[in-house]
Amino acid sequence: MQPKPAVTSRLLHRIAALCLAWAALGCSPQAVGQPAATPAAATAPYKLRIVGGLAGINQYTRQEEPFWSKELLRLSGGRFDAEIVPFDRAGVPGAEMLRLLQLGVVPFGTTLMSSFTAQYPEYTAPDLAGLNPDIATLKTTLAAFRPYLEKSLRDQHGVEALAMYVYPAQVVFCKKPLRGLADLAGRRTRVSSSTQADFVGALGGIPVLTGFAQIVPSLTAGNTECAITGTMSGNTLGLHTMTSHVHALPVTWGLAVFSANKAAWEALPPDLRALLRRELPRLEAAIWEESERETSDGMACNRGIPACVGGRKGSMVVVPVSAQDERSRQEILASTVLPRWVQRCGPRCAQVWNQTIGPVRGLAAAPAK
């Protein structure tokens, strides 16, 4: 394992914020897992402290949160319990979650893999823009990469990867008519990552890096004409009333890894570890099903058809993926997205790609020059 980096003053502030969030839940940030502090502590459940994924979305509210706050107690016959707080309400930016897990400040936490971009860009390989045009492809891509990711997190960071989560497809919404991806040429388009920016730029578009909360103000002010965001999150923002066309191609998805500090994991009672090893794959599968369902439901709601269940009905035009769009996706991935990712990431990334994802996608990465 690499030496643990020094704790910066900024990180200390984040740790303090996390401690406050834990305190608000009646939790002790020093405890990995301990019986509740009651006179009957000997019979009280062994309690875990969990930092979860993004608040307010179905993957958290319908799956992740109920599993820890309710199901664990039921599955264990009252022996084990947990309290969970979403990381974006715990005062800790996602970019620092891996560091906090490594230090053991967060014993168990969910990390957005996009947050690895700056320090560990090799971990973002499974969700490059244009790589996974459907969730079945995403599953095979991740399956090829997962053994490397798990070993690297364990050996380099002292972090045990326990589950992989996915968020719904990120697609293109536009204010003006859109016949295909080529029509993004010249349009200012909201992106949330460098790989999305590469994809839009290769189409002749103008990528504008914009936070999620600024999507609506940016579209309203005319700073952007299109936006890449989730099918249902776009509906929640009201894009079905602000834009007229939505393209069906998933540009990216959004992966997250649920992990444990290795020492914290090994300190758990053996039967609790066994229970989590058995049940977390089921939670993972439920989250993937939720994301696939929400991707479809978001499109149904934006379009305004009866199949819409969880959102608000619009009257948008859904632009299907044409043969030309599929050719463009493949060409841009090979000629722009992958080479630029390798350039930012370094020679080691080309090697990792060619040993994991490259063979299953039939696409080799040239070493960075």
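Start with the largest cavity, which has a volume of about 40 Å³. A cavity here is a set of points on a 1 Å grid over the protein atoms alone where a 1.4 Å probe fits but cannot get out. Grid points are joined across faces, edges and corners, and a volume is the space filled by probe spheres set on the points. The structure holds one cavity of 30 Å³ or more. To see its walls, select A95, L98, R99, Q102, Q119 and Y120; lining residues have an atom within 4 Å of a point. Three of these lining residues are nonpolar, two are polar and one is charged. In that sorting, Ala, Val, Leu, Ile, Met, Phe, Trp, Tyr, Cys and Pro count as nonpolar, Asp, Glu, Lys and Arg as charged, and the others, Gly among them, as polar.

A word on what is on your screen: this is a predicted model, where local features need pLDDT of at least 70 and side-chain atom pairs count only at pLDDT 80 or more, while totals for chains, interfaces and linings use all residues. Residues are numbered from 1 along each chain as its sequence is written, and side-chain values use heavy atoms, with hydrogens and water left out.

**Zoom out to the whole chain**

Switch to cartoon view and you will find 13 helices and 12 strands in the protein chain. Helices (H or I, at least four residues) and strands (E, at least two) are DSSP runs, numbered from the N terminus. Of the 369 residues, 53% are buried, where buried means under 20% relative accessible area, exposed over 50% and partly exposed in between (1.4 Å probe, protein chains only). Looking at contacts (heavy atoms within 4.5 Å) between residues at least 6 apart in sequence, 71% join residues at least 24 apart.

**Into the strands**

Next, select residues 108-112, which form strand β4; five of its five residues are buried. In a regular strand the side chains alternate between the two faces of the sheet. For β4, one side carries F108, T110 and L112, the other G109 and T111, and all of them are buried.

Which strands pair with β4? Two strands pair if DSSP finds at least two bridges between them. Strand β2 (residues 46-52) pairs with β4 in the parallel sense over two bridges, and here I50 stands opposite F108. Strand β11 (residues 255-261) pairs with β4 in the antiparallel sense over five bridges; look for T111 opposite V257.

Now follow β2 to strand β3 (residues 80-86), where six of seven residues are buried. Seven bridges join β2 and β3, which run parallel, and V51 stands opposite V85.

**On to the second largest pocket**

A pocket is an open set of grid points with protein on both sides within 12 Å along at least five of seven lines. The second largest one holds about 160 Å³ of space. Of its 13 lining residues, select A169, P250, W253, T295 and S296, the closest to its centre. Which helix gives the most to this lining? Helix α10 (residues 270-303) does, with four residues. The lining as a whole has eight nonpolar, three polar and two charged residues.

**Last stop: D183**

Find D183 in the loop between β6 (170-174) and β7 (188-191). Is D183 buried or exposed? D183 counts as buried because its relative accessibility is 17%. Finally, draw a distance from D183 to G204, 21 residues apart along the chain: their C-alpha atoms are separated by 8.8 Å.
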